[in-house]
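Open the structure in your viewer and keep the selection tool at hand. This tour goes from stop to stop.

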Amino acid sequence: MALVTTKEMFAKALKSDYAVGAFNVNNMEIIQGIVDAAKAENAPLILQVSAGARKYARSAYLMKLVEAAIIDSGLDIALHLDHGEDFEICKKCVDDGFTSVMIDGSKHEFKENIEITKRVVEYAHAHGVVVEAELGKLAGIEDNINVDARSATFTIPEEAAEFVEKTGVDSLAIAIGTSHGAYKFKGEPYLDYERLKEIHKLIPDTPLVLHGASSVLTEFVDKCNAYGGDIPGAQGVPEEMIREATKYGICKVNIDTDLRLAMTAEVRKFIAENPKEFDPRKYLAPGRDAIQAMVQHKIKNVLNASNQR
């Protein structure tokens, strides 16, 4: 039981039709729910921390909570920096003990993205840490990531191959139609599988990553709204589309919004039905249970990663 890198996880997933779930964490209950789910499903696990999570919970607290989860569960867990903005934050997370970092240079021009990513790779690899990068832009909003749909661009396969060769990056997040947040599609959901297949063909040994992969399940949106929420028209990536993508090199699938919806739905329900209660443990406990149920569902029915640890 230890903090581990994603190298062995991805090497195994790359040979099979499943993906490792990467779940965003913000507090103790979310971590407990995710870890309990991975243990129940005997699945590999990545816990990832965004800029918003670092600001909210602070890195020192998150590190200790993850360490506690490893001790309590006996699992090997990869701790990943999600959407690192620059070299400095990636360096800090490497120095703090993260086993994986993402440098997101997708807002920069191709050449500059290569230069920034290569610098992070050189530092991280020297410290035994693996690196994920991003090529192409995803629409939507996640923490401080805000890319208008009009400027979102899909990953160009030939550029992906050149990018991996020149940077030495360990895994690559690509843009094929997913987006951040709860409002991913206005019309019919669409993922560019032909583009994904071409990228995987050109860089077959590189694990590919799918960001913005929450499905925004109707039952949780409806439950939030039924208990005072206001989330109209939310639409995510259908789960069958995620399952299909794992057949073509997608080894890591990022899930955040679905966790937020599941937890918020149960917290709203409890508070509405128990107006006299004011003990946070009473409403956070069902929220934690909802996280566990959601993650187990994703691992078993979407990622096909049960018993792959």
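The stops below cover a pair of helices, some cysteines and two backbone angles. Keep in mind that this is a predicted model.

**Stop 1: two helices.** Select residues 28–41, helix H2, and residues 59–73, helix H4. Their axes come within 10 Å and cross at roughly 35°. The crossing of H2 and H4 is right-handed. Now show the side chains. From H2, pick Met 28, Ile 31, Val 35 and Lys 39. They meet Leu 65, Val 66, Ala 69, Asp 72 and Ser 73 of H4. Colour this H2–H4 contact by residue class: six residues are nonpolar, one is polar and two are charged.

**Stop 2: the cysteines.** How many disulfides does a search of the whole structure find? The result is zero. Select Cys 93, which is in no disulfide. The nearest cysteine sulfur belongs to Cys 90, and it lies 7.0 Å away. A disulfide needs the two sulfur atoms within 2.5 Å. Cys 93 is buried, at 2% relative accessible area. Go on to Cys 224, also buried, at 0%.

**Stop 3: Val 216.** Look in the loop between strand S10 (208–210) and helix H9 (218–226). Val 216 is there. Its phi is positive, about 50°, although Val 216 is not a glycine. Is Val 216 buried or exposed? Val 216 is buried, with a relative accessible area of 4%.

**Stop 4: Asn 307.** Move to the segment after helix H12 (280–302) and select Asn 307. Asn 307 is another non-glycine residue with a positive phi, near 60°. Turn on the surface: Asn 307 is exposed, with a relative accessible area of 57%.

Note on methods. Residues are numbered from 1 along each chain as its sequence is written. This is a predicted model: local features need pLDDT of at least 70, side-chain atom pairs count only at pLDDT 80 or more; totals for chains, interfaces and linings use all residues. Side-chain values use heavy atoms; hydrogens and water are left out. Buried means under 20% relative accessible area, exposed over 50%, partly exposed in between (1.4 Å probe, protein chains only). Axes are lines fitted to C-alpha atoms, for helices over the stretch in contact, and angles run from 0 to 180 degrees between N-to-C directions. Helices (H or I, at least four residues) and strands (E, at least two) are DSSP runs, numbered from the N terminus. A crossing is left-handed if the near helix is turned anticlockwise from the far one by less than a right angle, and right-handed if clockwise. Contact means heavy atoms within 4.5 Å. Ala, Val, Leu, Ile, Met, Phe, Trp, Tyr, Cys and Pro count as nonpolar, Asp, Glu, Lys and Arg as charged, and the others, Gly among them, as polar.
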